[in-house]
Amino acid sequence: MFRSKHLSIKSVTVAGIAASLLLGVAGITLNPTPAGAVVYCQYIGYPPSCVARAGVVLRPRPVARAAVRAGTASATNLNGGVNRVGVRR
């Protein structure tokens with residue numbers, strides 16, 4: 001008279017196998033391929049393994065210089081680098 005509404009072990013196993021096969025096929029078909037993008041040089045040899053454009057004159061990369069001059073470091077950082085209004089001492 002009263003039927004229980006639970007799934008049988010066999011139907012759960014078949015559903016699990018079907019789901020794993022579906023995920024396996026999706027993983028194989030959606031496998032990414034290399035893009036093969038071209039990176040053009042900005043300077044000689046920078047970025048590494050770059051390609052020079054035709055007609056562009058490449059120059060050596062500029063050397064980084066110190067941006068802080070003597071005597072000005074204390075005047076530019078009065079509040080300790082915190083974004084607050086006014087001078088903090």
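This is a short tour of a predicted model, with a selection to make at each stop.

**Stop 1: the cysteines.** Start by selecting C41 and C50, and show their side chains. A disulfide joins C41 to C50, with an S to S distance of 1.8 Å. The structure holds 1 disulfide, so you will find no second one to visit. Are these two cysteines buried or exposed? Both C41 and C50 are buried, so a surface view may hide them. Now look along the S-S bond: the torsion about the bond between C41 and C50 is about 90°, and the disulfide is therefore right-handed.

**Stop 2: Y40.** Next, select Y40, which you will find in the loop between α1 (9-29) and α2 (73-76). Its relative accessibility is 37%, so Y40 counts as partly exposed, as the value falls between the 20% and 50% cut-offs. What sits over the ring of Y40? Add R53 to your selection: the charged end of R53 is there, 4.3 Å from the ring centre.

**Stop 3: the patch.** Keep Y40 selected, add V38 and V51, and turn on the surface. Together, V38, Y40 and V51 make a nonpolar surface patch of about 250 Å².

**Stop 4: another charge over a ring.** Now select R61 and Y46. Here the charged end of R61 sits over the ring of Y46, at 3.8 Å from the centre of that ring.

**Last stop: the aromatic rings.** Finally, select the aromatic side chains throughout the model. How many aromatic pairs does a search of the whole structure find? The count is 0.

Methods
Residues are numbered from 1 along each chain as its sequence is written. This is a predicted model: local features need pLDDT of at least 70, side-chain atom pairs count only at pLDDT 80 or more; totals for chains, interfaces and linings use all residues. Side-chain values use heavy atoms; hydrogens and water are left out. A disulfide is a pair of cysteine sulfur atoms within 2.5 Å. Buried means under 20% relative accessible area, exposed over 50%, partly exposed in between (1.4 Å probe, protein chains only). Rings of Phe, Tyr and Trp (its six-membered ring) pair if their centres lie within 6.5 Å; planes under 30 degrees apart count as stacked, over 60 as edge-to-face and the rest as tilted. A charge sits over a ring if NZ of Lys or CZ of Arg is within 6 Å of the ring centre and within 35 degrees of the ring normal. Patches are made of residues with over 30% relative accessible area and no salt bridge: like charges are joined within 9 Å, nonpolar side chains (Val, Leu, Ile, Met, Phe, Trp, Tyr) within 5 Å. Accessible areas come from the Shrake-Rupley method with a 1.4 Å probe; for residues, only the protein chains shown count as cover. A salt bridge is a side-chain nitrogen of Lys or Arg within 4 Å of a carboxyl oxygen of Asp or Glu. Helices (H or I, at least four residues) and strands (E, at least two) are DSSP runs, numbered from the N terminus.
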